[in-house]
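Subject: Structure handover and what was found in it

Hello,

I am passing on the structure that we talked about, together with some notes on what can be read from it. Please keep it open beside this email as you go through the notes.

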Amino acid sequence: MTTTTYNTSATPLAAERRAAVAQALADIRAIAATEPFDRAVLARITARLEQLASRTALFPRADFPPPAATEGVGASTRYRLNAEDGDDDVALYLNSINPGKTSIPHNHTTWATIVAVEGQEENRVYRRTDDGSDPEVARLELEREVTVQPGTSIGFLAEDLHSSHVIGDRPTLHFHLYGRPLETLSQRIGVNLETGAVVNYNATQLKPSKVAA
């Protein structure tokens with residue numbers, strides 16, 4: 001896993017945050033073990049993560065600052081909150097992203113959910129209209145739009161496709177939770193909406209995470 005170390009001070013707040021994150025992830029692991037894993041299970045995972053997000057005092061901007069304005073429109077920082085769990089477990093990130101950030105449509109190859117602490121991110125969910133027979137081309141049609149913000153979350157199964165667009169006038173603080181760390185998901189695809197060209201998403205789009213205390 002490629003990460004950059006980011007360490008907040010060893011304060012009582014940091015210790016309380018680590019404990020809350022550990023308990024939430026323990027609960028989520030138990031939910032995720034439910035068979036079959038379907039959208040109902042994903043909704044339960046999302047609801048548990050919303051409980052963690054409601055504890056906003058645990059996630060101050062001083063500990064998870066957004067990129068400096070000099071880094072440009074749409075600059076982003078992704079903090080891994082449970083790096084000690086390694087590459088073969090669920091991975092929880094806190095994304096701090098400046099307005100203007102967009103992504104191309106992509107899948108995750110594992111389940112995922114996005115829950116807001118603060119800020120707004122528009123998610124556009126797509127359906128494939130081709131038969132998938134050509135690995136280099138995908139044709140997509142917009143299915144729905146969801147603005148993730150406090151009180152409104154979104155979840156994805158492994159092959160769901162979405163793009164994200166940070167809107168509003170302030171950076172996000174959003175949890176992104178995955179069945180496995182993003183850095184290990186080497187078979188993810190991204191799709192150029194205009195041409196339909198398929199790319200390897202991690203190889204062309206993914207930037208390193210930082211490790212938070």
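A residue is called buried when its relative accessible area is under 20%, exposed when it is over 50%, and partly exposed in between, with a 1.4 Å probe and protein chains only. Helices (H or I, at least four residues) and strands (E, at least two) are DSSP runs, and they are numbered from the N terminus. This is a predicted model, in which local features need pLDDT of at least 70 and side-chain atom pairs count only at pLDDT 80 or more, while totals for chains, interfaces and linings use all residues. Residues are numbered from 1 along each chain as its sequence is written, and side-chain values use heavy atoms, with hydrogens and water left out.

Strand S9 and its partners

A good place to begin is strand S9 (173–178), where six of the six residues are buried, so the strand is largely enclosed by the rest of the structure. In a regular strand the side chains alternate between the two faces of the sheet. In S9 both faces are covered, with Leu173, Phe175 and Leu177 buried on one side and His174, His176 and Tyr178 buried on the other.

Two strands are said to pair if DSSP finds at least two bridges between them. By this rule S9 pairs with S3 in the antiparallel sense over five bridges, and within that pairing Tyr93 has His176 as its bridge partner. Strand S4 (residues 112–118) also runs antiparallel to S9, the two being joined by six bridges, and here Glu118 stands opposite Leu173.

Leu173 also leads to a distant part of the sequence, since its C-alpha atom is 8.1 Å from that of Phe64, although these two residues are 109 apart in sequence. Phe64 is found in the loop between helix H2 (39–53) and strand S2 (76–80), and at 0% relative accessibility it counts as buried.

Strand S8 (161–167) can be read in a similar way, for six of its seven residues are buried, so it is largely enclosed by the rest of the structure. Its antiparallel partner is strand S5 (residues 120–128), to which seven bridges join it, with Glu121 standing opposite Val166.

Helix H1

Helix H1 covers residues 12–32, and its 21 residues should span 30 Å at 1.5 Å a residue, which agrees with the 30 Å between its end C-alpha atoms; the expected span is 1.5 Å times one less than the number of residues. The buried residues of H1 are Ala14, Arg17, Ala20, Val21, Ala24, Leu25, Ile28, Ile31 and Ala32. Seen down the helix axis, they fall within an arc of 130°, so they line one face of H1, the arc being that of the directions from the axis to the C-beta atoms. On the other side of H1, Pro12 and Ala30 are exposed. The buried residues of H1 are covered by parts that include H2, strand S3 (91–97) and S9.

Salt bridges

The structure holds twelve salt bridges, each being a side-chain nitrogen of Lys or Arg within 4 Å of a carboxyl oxygen of Asp or Glu. One of them joins Arg61 and Glu118, at 3.0 Å from N to O. Because Arg61 lies in the loop between H2 and S2 and Glu118 in S4, this pair ties together parts that are 57 residues apart in sequence. Glu118 also meets Arg170 in a salt bridge, at 3.6 Å from N to O. Arg170 lies in the loop between S8 and S9, so this second pair ties together parts that are 52 residues apart in sequence. Arg61 is partly exposed at 24%, and Arg170 is partly exposed at 43%.

The loop around Asn82

Arg29, Asp85 and Asp89 are linked in a network of salt bridges, and Asp85 leads on to Asn82, whose side chain makes a polar contact with the side chain of Asp85 at 2.9 Å. A polar contact is a pair of N or O atoms within 3.5 Å; within protein, one must be able to donate a hydrogen and the other to accept it, and residues adjacent in sequence count only if both atoms are side-chain atoms. The side chain of Asn82 also reaches the backbone oxygen of Val90 at 2.9 Å. Asn82 itself lies in the loop between S2 and S3, and at 0% relative accessibility it is buried. Leaving aside its neighbours within four places in sequence, Asn82 is in contact (heavy atoms within 4.5 Å) with Leu25, Arg29, Val90, Ala91 and Leu92.

With best wishes
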